Amino acid sequence: MCIWYSFFSLFLFILYGVDKAQAKINGRRIPEKTLHIFSIAGGFLGGLLGMRIFHHKTRKPFFLLIIAISFIIHIIFLSVLFSTFAHN
């Protein structure tokens, strides 16, 4: 699980950095949908760090909402997963 979250967080962090760099030069941007999908897949920590470090998408509250919802979903998922294995 740690590898999963680390991979998606690092990847999403990089995507935020690339998207910010492209935004500065009017280059080809990463679709918002892609950023949301990687956040939901487990990269929410990288997305949050990317927002803070690159100062990117900070004026779009929907991005923070997606990250928060992703975090909550994964906390619930992990709680259910670990409680299931703890009882077996």
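This is a short talk on the predicted model of a protein with three helices.

Hi everyone, and thanks for coming. Please keep in mind that what you see above is a predicted model. Let me begin with the overall picture and then move on to particular residues.

The protein has three helices and zero strands. Reading from the N terminus, the order of elements is α-α-α. Helix α1 covers residues 2-24, helix α2 covers 32-54, and helix α3 covers 61-86. How far does the C-alpha trace span along its principal axes? The answer is about 55 × 25 × 20 Å.

Now a few overall figures. The protein has 88 residues, and 32% of them count as buried. About 6100 Å² of the protein is exposed, with carbon and sulfur atoms supplying 74% of that area. As for contacts between residues at least 6 apart in sequence, 72% of them join residues at least 24 apart.

Let's turn to the charged residues. How many salt bridges does the structure hold? There are four. The residues D19, R29, E32, K57 and K60 are linked in a network of these bridges. I'd like to walk you through some of that network, starting with R29.

R29 pairs with D19 in a salt bridge, and their closest N and O atoms are 2.9 Å apart. This pair links distant parts of the chain, with R29 in the loop between α1 and α2 and D19 in helix α1, 10 residues apart. Are these two partners buried or exposed? R29 is partly exposed, with a relative accessible area of 38%. D19, on the other hand, is buried, at 0%.

D19 has another partner, and that is K57. Their side chains meet in a salt bridge at 4.0 Å, N to O. Since K57 is in the loop between α2 and α3 while D19 is in helix α1, this bridge ties together parts that are 38 residues apart in sequence. Both K57 and D19 are buried.

Let's stay with K57 for a moment. Why does K57 count as buried? Its relative accessible area is 11%, and a residue is called buried when that value is under 20%. K57 also forms a salt bridge with E32, where the closest N and O atoms are 3.3 Å apart. Here the pair ties together parts that are 25 residues apart in sequence, because E32 lies in helix α2 and K57 in the loop between α2 and α3. The side chains of K57 and E32 also make a polar contact, at 3.3 Å. E32 itself counts as partly exposed, with 31% relative accessibility.

What else does K57 touch, if we leave out residues up to four places away in sequence? The list is Y16, D19, R29, E32, L35, M51 and F63. You will recognise D19, R29 and E32 there as members of the salt-bridge network.

Next come the aromatic residues. How many aromatic pairs does the count come to? It comes to nine. One example is F7 with F11: the ring centres are 6.0 Å apart and the planes are at 15 degrees, so this pair is stacked. F7 and F11 are four residues apart in helix α1, which means that about one helical turn separates them. F7 counts as partly exposed, with 48% relative accessibility, and F11 also counts as partly exposed, with 33%. If you would like to find them in the wider group, F7 and F11 belong to one aromatic cluster, together with W4, F8 and F38.

My last stop is on the surface. Which residues form a nonpolar patch there? They are F71, I72, I75, I76 and V80, and together they have about 460 Å² of accessible area. Take I75 as one of them: I75 sits in helix α3, and I75 is partly exposed, with a relative accessible area of 40%.

To recap, we have seen a predicted model with three helices, a salt-bridge network that includes the buried residues D19 and K57, an aromatic cluster that includes F7 and F11, and a nonpolar surface patch that includes I75. Thanks for listening!

How values were computed: Residues numbered from 1 in each chain as written. Predicted model: local features only at pLDDT ≥ 70, side-chain atom pairs only at ≥ 80, totals over all residues. Heavy atoms only, no water. Patch = residues over 30% accessible without salt bridge, like charges linked within 9 Å, V, L, I, M, F, W, Y side chains within 5 Å. Areas by Shrake-Rupley, 256 points an atom, 1.4 Å probe, with all protein chains shown as cover. Helix = DSSP H or I, 4+ residues; strand = E, 2+ residues; numbered from the N terminus. Buried < 20%, exposed > 50% of the residue type's maximum accessible area, 1.4 Å probe, protein only. Polar contact = N/O pair within 3.5 Å; in protein donor to acceptor, adjacent residues only side chain to side chain. Contact = heavy atoms within 4.5 Å. Phe/Tyr/Trp six-rings, centres within 6.5 Å; stacked < 30°, edge-to-face > 60°.
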